[in-house]
Amino acid sequence: MIRDAILTDIPFIHNLIGELALYERALEQFTLTQEQLAIDGFGDNPCWKAFVAEHENEVVGVALCYIKYSTWKGKGVFLDDLIVTESKRGYGFGKALLREVAKYAKSENANHVDWLVLDWNQPSIDFYKKIESELDPEWIKCTIRKKQMDSLIGD
């Protein structure tokens, strides 16, 4: 079953994000608390939406996304994470979650759904190719963090 995430799903979503951080060899970068995740998704100014996959009354997957805008393509949805717990991969939960994100994007009148995948994550790349998504090797992700923001601002 795929459904909208609710506040009580936060511990499960947080655990899945931690599982992904471990899989992606970046556990030390995972600093988001459950409290902040809850505020950002269910507080006064929510900035993300999520769908969860349930199997036998257990959350086994999550797709977390948000609205974005492209000056070339217009309104879109950015899929920040698509996570299915390792023991439940290969059963269709990922595709079902991605389908729900596509429905959400369509309901929001979005023109596209974008996401990132690590270049070494071949199982995910194979999955994305199987559903005929476009993988663009030309673009490089750029980031500035709080330290760089402060420097840029002059603080």
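Begin the tour by selecting Glu-56, which at 69% relative accessibility counts as exposed. Bear in mind throughout that the model on screen is predicted. Glu-56 sits in the loop between strand S2 (49-55) and strand S3 (58-70), and its backbone takes a positive phi of about 50° although the residue is not a glycine. Most residues other than glycine have a negative phi.

Extend the selection to Asn-57, which lies in the loop between S2 and S3 and has a positive phi of about 60°, again without being a glycine. At a relative accessibility of 75%, Asn-57 counts as exposed, because the cut-off for that class is over 50%.

Next, select Arg-3 and Asp-9 and display their side chains, which form a salt bridge whose closest N and O atoms are 2.7 Å apart. Asp-9 has a relative accessibility of 3% and therefore counts as buried, the limit being under 20%. Add Glu-54 to the selection, and a network appears in which Arg-3, Asp-9 and Glu-54 are linked by salt bridges. Across the model, the count of salt bridges comes to seven.

For another of these pairs, select Glu-108 and Lys-75, which form a salt bridge with 3.5 Å between the closest N and O atoms. This pair links distant parts of the chain, since Glu-108 belongs to the loop between helix H3 (93-107) and strand S5 (112-114), Lys-75 belongs to strand S4 (residues 74-84), and the two are 33 residues apart. Glu-108 counts as partly exposed at 29% relative accessibility, and Lys-75 is likewise partly exposed, with a relative accessible area of 29%.

Then move into helix H3 and select Glu-100 and Lys-103, whose side chains meet in a salt bridge at 3.8 Å, N to O. Both residues lie in H3, three residues apart, which is about one turn of the helix. An α-helix has 3.6 residues a turn, so residues three or four places apart point the same way. Lys-103 is partly exposed, with a relative accessible area of 48%.

Now show helix H1 (residues 10-23) together with helix H2 (residues 34-42), and compare their axes, which are 10 Å apart and meet at an angle of about 115° where the helices pack. How are H1 and H2 oriented to each other, roughly parallel or roughly perpendicular? Angles of 65 to 115 degrees count as roughly perpendicular, and H1 and H2 are therefore placed in that class. Their crossing is right-handed.

While this part is in view, pick out Gln-29 in the loop between H1 and H2, where the residue counts as exposed at 54% relative accessibility. A distance drawn from Gln-29 to Gly-18 gives 9.9 Å, C-alpha to C-alpha, for two residues that are eleven apart in sequence.

Finish at helix H5 (residues 146-153), which is hardly covered, the count of buried residues among its eight residues being zero. Within H5, select Met-149, which is partly exposed with a relative accessible area of 36%. Adding Ile-144, Leu-152 and Ile-153 to Met-149 brings up a nonpolar patch on the surface, and together these residues have about 430 Å² of accessible area. The last stop is Gly-154, just after H5, where phi is positive at about 100°.

Note on methods:
Residues numbered from 1 in each chain as written. Predicted model: local features only at pLDDT ≥ 70, side-chain atom pairs only at ≥ 80, totals over all residues. Heavy atoms only, no water. Buried < 20%, exposed > 50% of the residue type's maximum accessible area, 1.4 Å probe, protein only. Helix = DSSP H or I, 4+ residues; strand = E, 2+ residues; numbered from the N terminus. Patch = residues over 30% accessible without salt bridge, like charges linked within 9 Å, V, L, I, M, F, W, Y side chains within 5 Å. Areas by Shrake-Rupley, 256 points an atom, 1.4 Å probe, with all protein chains shown as cover. Salt bridge = Lys/Arg side-chain N within 4 Å of Asp/Glu carboxyl O. Axes fitted to C-alpha atoms, helices over the stretch in contact; angles between N-to-C directions. Parallel < 35°, antiparallel > 145°, perpendicular 65-115°, else oblique. Left-handed = near helix turned anticlockwise from the far one by under 90°.
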